[in-house]
Amino acid sequence: MKVSKKIINLETESAFAILAKATKLASEGKDIINLGIGQPDFPTPRNIQEAGIKAIKDGHHGYTPSNGILPLREAVSEQIYNDYNVNINSDQILITPGGKPTIFYSSLILGCKGNEIIYPDPGFPIYRSMIKFSGAKGIPLELSEEDNFEININKLEKLITKKTSLIIINNPNNPTGSFMNKKKIDEIVKMLEKYPDVFIMSDEIYSKIIFNDQEMPSFINYESIRDRLIILEGWSKTFCMTGWRLGWSMWPKKLYEYANKLCVNDHSCPNIISQYAGLEALKGPKDEIKKIKQEFQNRKNFVHKKLNELENMTCFEPGGAFYAFPNISLSGYNGQKFSDIALEEKGVALVPGTSFGNSAKNFVRLSYANSMENLEKAIYKLSAI
Ligand SMILES: Cc1ncc(COP(=O)(O)O)c(C=O)c1O
């Protein structure tokens, strides 16, 4: 069998394996609370669902341009303007099947043997996987509890070399729930201005789930680095549309055609029905989304308080996304063992910190995309580990 060496380097996202294990245990009759999965537990808002149904009935069944339908790209530009007061032409916007392709494409375009790509650790596991696949050397940037899991700028700067082609940043962060405010992003950009050959991929997929009335400090706002900036965004988390597979990205003009060619080669175009639903999400009423954000904030407050009352863990306060990242070292177990016991003995699915890199051995990720009732039950069960 002559399997490509590249494919052997490919890693996976263990949240999916945990979901499969939890589903299997549930099908065998075990009472399982799933706090492992990273998707909102709310249905896609009704008006968006209906726009999808209407798209089918209106006969939208065929291919679209590979970069997405123009009205949708224009709606994204308009949203960028409304959110950040920046004019980005729709010809820099690429619509893709979810946010993941942006990780894939930026790694393939900027990663090859001899190049280095810096990525957050702990961080979304697909970064490391795709960097390895591209042939580039992945350089982990450790995010540590003592920095509130924010980027330590000195640490980051020390990792930049002549070989660095790309730096991946994720704010708000999966898995920690950490959020870096504008002051912090200002400082990061100031440092990045010294390295004009390095591209930046800012994964802002959780930009609309931030708490305590903070404003999202998007990298889009910084003109000094915009000609080497890729933004990863999408509908999955904001509009509860994970299964619709719809994302958008902003590309520097000099890379756009490479990314678009990858789209043609990979999937021809994004799903047309999802694109019409995505258009309604951007243009239609946002009341449901506001309620969902408030509910996440309530849950965050509850989970943060309750976890810190337990004797076997401590938890820093998340500023965004829907994850808590408790340090469970007081339990005497590492994150992997703690998650195994949580699932097998207590029926609570969590994800060990090591699923997100090598640095967070004593942590677990708990997704509070679940009802208050289940969160309360699950935390009670975890208290006994
Ligand atoms: C940080 C981060 N980036 C990207 C993605 C991918 O999103 P999508 O489901 O739209 O591909 C996820 C999904 O969990 C994520 O957590």
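Start by selecting Tyr105, Leu108 and Ile109 in helix 5, then add Leu255, Tyr258, Ala259 and Leu262 in helix 9: these two groups meet, with contact taken as C-beta atoms, placed from the backbone, within 7 Å. The residues of this contact are seven nonpolar, no polar and no charged; Ala, Val, Leu, Ile, Met, Phe, Trp, Tyr, Cys and Pro count as nonpolar, Asp, Glu, Lys and Arg as charged, and the others, Gly among them, as polar.

A quick note before you go on: this is a predicted model, where local features need pLDDT of at least 70, side-chain atom pairs count only at pLDDT 80 or more, and totals for chains, interfaces and linings use all residues. Numbering runs from 1 along each chain as its sequence is written.

Now show residues 100-110 and 253-266 as cartoons. The axes of helix 5 and helix 9 come within 10 Å and cross at roughly 120 degrees (lines fitted to C-alpha atoms over the stretch in contact, with angles from 0 to 180 degrees between N-to-C directions). Helices here are DSSP runs of H or I with at least four residues, and strands are E runs of at least two, numbered from the N terminus.

Next, turn to the sheet. Seven strands form an open, mixed sheet in the order 2-8-7-6-5-3-4, where pairing takes at least two DSSP bridges. Pick out strand 2 (93-96) and strand 4 (137-142), the edge strands, each pairing on one side only. On average, neighbouring strands are turned by 20 degrees against each other, direction ignored.

Finally, select residues 116-121: this is strand 3, parallel to strand 4 over six bridges. Where does aspartate 121 find its bridge partner in strand 4? Click on glutamate 142.
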